[in-house]
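Visitor: I should like to go through this model in a formal exchange of questions and answers. May we begin with the structure itself?

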Amino acid sequence: MLPPNNRRRRPRRIHYEAAHEGQRSLFSKIETALADYAVTADDIRALLSRVDVEVYSHASIERDHAPLWMPDSNRDPSSLLALLRDMVGGASIVRGTFEPARLMERLTSEGVVIGEPHGWGADSYRGVLTGKAVIEVPGTGVVKPIDETFIWPRAHRYDRSHRADFDDEVPNPWFGLRPDSVDLSNFPSAGFDRVVVVSGPGFGKSTLCLSLAKSAAGRGLLPAIISVHELSKQEGGIGRFLQDQLNAEFEVSVDWTRAAETGLLVLFFDGLDEVSIDRRAVMLERVKTFSLRYPTVPWLLTVRDAAALAAPTDAMLVELDALDTNDIGRYISFYRPNEAGFRERLQQAFTARPDLERLTRIPLFLAILLCSGLEVSELPSKRTELLEVHLDLLFRPEQFKGTISAGVDPAALRPIAELIAYDCLEREEIGVDARRLEASVRNALGAGQPVQPALDRLITCGVLRPSGPARFVFPFPVVQEYLAACYILDFRMEGISGRLSSASKRPWAQTLQFVLERHPHPIPLVTNFLAQDDDAFGTGMRLMARCVANGMSVAPSLKTELTRRLCRLWPSAAWRLRGRVGALIAAAFCDPMIHELRALLSNRWLLHHGAGTIVAQIKAPDLTRSILADFLTGDIDNLLNLGEMQPAVSALGNEALDMYVTRARRDGASEKNLEAISSLIGHLDPTQLSDECLLAVALDERLPIYMRLEAFGLRSTPVDPRAMPLVQTALGMPGYHTRSVAVEVIMKLKDPGSFLRDALMRSDLEMKEKLELLGYLPRRLLPARKAEICRTLAQEDGIPGELRRRLSIFAARYGDADSMCGLVAAADRLPIKDLRATIAIFGHHRSRSLVETLIRRLKERTFSPSDRAGLTSSIVLGMTGLFQMDMFEGGVIDAAPLHQGADLFLPLLEKWTAMEDYEPVDGLNLAEGLARLGSQAALSAIERRLKQVLGSNDIDLLDSDTAAHVGHALTTLR
């Protein structure tokens, strides 16, 4: 039946007497069906006389009515109707429901763009928002649009159990790939739609919001960036703020309620810690209320300190990483792309000035440094100097921008800003209201002086920025803290001794560090402070040491005393703290080197906690040689690499190689010793070694085969033919190290594929051993090259079918789409181990349609209870992580956003979970998997299965796997 307003003509009425045989038959059937309800034929006629019956063919619906029902989109109405019909038909099997937000997301994945009502002005809103997406480097006049060259910050999952420490604001770069890394550019996506971003000042949280908002707008969504401080001043909730404030600001009429309900809205809450402590809980409660009202709306919240989260949140907490060396290189290319050799000169300067180098791992200060136009010879050597450069840019922009002076003496503005900063810090606030700001300016200028020009100048030069009606904030808290420190040094030094007792706690930590770093005579203060009792973590002592590293002037004797205390704490500290202490010593306390420090550098267990860094940056061959000799004299079992110390050892060249070989030839050397030495030889820089020395080692028959192959592999010349018999022998020997070194040599051949093919066809190797060879492919090989090798081998007819399948799995693991499609197409007949491995690597293939094909194939098979449990684990892994399968069914699991096809598995897993033929632990495993994919029915299933596990007499809770399942279940229920 169509609504009356859609009818184009009144239907023709039919009298019973004039009805044809078919109509009379239909009437008779209705009369028979209603016979038990005391309904007469006249009653039926009277009812039917008031009913209009219209019959529409499928073709007429598509031609005449679909255009009236379908929304504006980039598809014609008939094709959009066909797509929706197919979705409904597929979901009808499991009584599926369609929430607007999820339907919009699915349509978007199918390439469908649904337009908004024209009256909203949504396109204009997106255009303005996109235009505002720029990077402004304060005080430099540099404005860069956020485009495809934007440098996405690296991030990792935040550790909630981490004990807060003053050192948290010191950037500690993590080199390499973190196992808990998070790709923020994927926000928002399925499973990655509620995020709290934590980082210190200057890490680019606001810029991240702009970039993500622009990205979301480009995908047809409606992003809204909300200042938490502005929101805190409104009495209504988030919905009212969007409707009243945002629409007025952008001069649009977006129906934000409808946008939230239809899956268009994405929220960005910027600056939770910019409101007072008592208001934070209120703001979080507003976010929670809005989330409950609109559970499918993604949101991201930024905060400087996770402690500002006054209430628990179920969002994913991520922390922005400090810049590493590669990031710094990308920043240089971004801001100063046409200056040859600048990157090398800058990094050399950083090596000489570690305190400056640490500060420039904060994106803001590196950007300021790069945009200030300074040459490397003009770089400041202390962080306070860099801050002064920044402030000079702010207070005197005309010297760089060529603007006309506003007529206010910059020298008068600085004291005003310092007073405002100190006053805000005393009140533990980030900003200042207009009335208090005017009073501070008036007091500083004196009676009778105009206030407004100074206020305008503070705002226009970027020292302050409006954060709403009648309120102003410092753009970067670290600037406020530094200005407050300058005020204390000039006017409040009498109370500084009392403040030092809380110097390791926020919000005063950074300010008091700045005070000590700039104090003309800090030694008495530091001496008195160090005479007080410290905690077990050496917090006070490390604070003073950090100030020294940042440029505080102290007597040599006091610096030596701090070094001794750091050395006492270093070897006994917990893992995280040990690394921080080592980094602190490397930054400022290794020159001159005291006896206690020299002894600790030979402590193998400190090698990767700063000792290696110290040796590398000192670059003294005698010291390197001495420490390497100490290591080789002691226990070297499992000493497989030297970490940051490796460049210094490699610089020894042939001498280091000779030391390793001498240690290998020592009587009584164990197999673990020899494998460790072989690994250390493999880490040497071949450019520092002579081919003659390497050949001598390679041909020394007294040495193990794997050590000789390491030497063959390091030579700069093509592979020596004399290496190949050793390779053949090594492939037939047991042990990871021996075979992996052999594969390394194979990969240096002109045609490694044919040699690998021959190795895989050897009759003396078991299937497991042949699969292990594939895991030994060198890490330096690009994934595409590995995929090509595996795919080519999988097509070799002489290789057994089982091995060819697993070669295809490895090719798919390295990203080969054709191999993955072939495996999924054969999922209805793959052996269960191969099927599980295929599903587990789905993180490398993000296609939703591929998931749909897999599910169709799975439904065609019957699985045992244990198979269903195992497949569930593989499904969860493939949908929630990135399985770096280096060995068959083994490898590292990296963090990844939820696969866009994850929701498709829910009906199948719900069906499997409802079955009652499982062992208790297997049943619990299925329920956990269901929860990981977001099923609402999972919690009751977990509770029921957990009771079965705990009530079973055959369950051993001391078993690690069982205990892990129970622990995960309890965590989920909690």
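The exchange below treats the sheet, one helix, the salt bridges and some backbone features.

Visitor: What kind of model is this, and which pLDDT do local features need?

Guide: Residues are numbered from 1 along each chain as its sequence is written, and side-chain values use heavy atoms, with hydrogens and water left out. This is a predicted model in which totals for chains, interfaces and linings use all residues, side-chain atom pairs count only at pLDDT 80 or more, and local features need pLDDT of at least 70.

Visitor: What is the order of the strands in the open sheet of seven strands?

Guide: Helices (H or I, at least four residues) and strands (E, at least two) are DSSP runs, numbered from the N terminus. Two strands pair if DSSP finds at least two bridges between them. The pairing in this open sheet is mixed, and the order is β4-β3-β9-β5-β8-β7-β6.

Visitor: Which are the edge strands of that sheet?

Guide: An edge strand here pairs on one side only. At one end, β3 (residues 155–157) and β4 pair in the antiparallel sense over two bridges, with A155 matched to V182 in β4. The edge strands are β4 and β6.

Visitor: Which residue of β8 is the bridge partner of V196?

Guide: Strand β5 (residues 194–198) runs parallel to β8, and five bridges join the two. Strand β7 (residues 265–270) also pairs with β8 in the parallel sense, over three bridges. There, F269 stands opposite the residue that is also the partner of V196, namely L301.

Visitor: How many of the residues of β8 are buried?

Guide: Buried means under 20% relative accessible area, exposed over 50%, and partly exposed in between (1.4 Å probe, protein chains only). In a regular strand the side chains alternate between the two faces of the sheet. In β8, W299, L301 and V303 point one way and L300 and T302 the other, and all are buried. For the strand, residues 299–303, the count is therefore five of five.

Visitor: Where on helix α6 do the buried residues fall, and within what arc?

Guide: The buried residues of α6 (residues 122–131) are A122, Y125, R126 and L129. Taking the directions from the helix axis to the C-beta atoms, they line one face of the helix because their arc is limited to 95°. On the other side, D123 and G131 are exposed. The cover of the buried residues, judged by contact (heavy atoms within 4.5 Å), includes α7 (205–218), β6 (222–227), α9 (238–250) and α10 (256–261). The answer is one face, within an arc of 95°.

Visitor: Which residues are linked with D327 in a network of salt bridges?

Guide: A salt bridge is a side-chain nitrogen of Lys or Arg within 4 Å of a carboxyl oxygen of Asp or Glu, and a search of the whole structure finds 42. D327 and R330 meet in one at 3.0 Å, N to O; they are three residues apart in α12 (residues 325–335), which means a separation of about one helical turn. D327 is buried at 5% relative accessibility, whereas R330 is partly exposed at 37%. The residues linked with D327 are R154, D321, D324 and R330.

Visitor: How many residues apart in sequence are the parts tied together by D700 and R665?

Guide: The side chains of D700 and R665 meet at 2.3 Å, N to O. D700 lies in the loop between α34 (691–698) and α35 (705–714), and R665 in the loop between α32 (654–664) and α33 (671–682), so the pair ties together parts that are separated by 35 residues.

Visitor: What is phi of E889?

Guide: E889 is in the loop between β13 (881–887) and β14 (890–895) and is partly exposed, with a relative accessible area of 39%. Its side chain meets that of K833 in a salt bridge at 3.6 Å, N to O. The value is positive in a residue other than glycine, with phi near 65°.

Visitor: What is omega of the peptide bond from F187 to P188?

Guide: P188 is found in the loop between β4 (181–182) and β5. A cis peptide bond also joins D591 and P592, with omega about 0°. For F187 to P188 the bond is cis, with omega near -10°.
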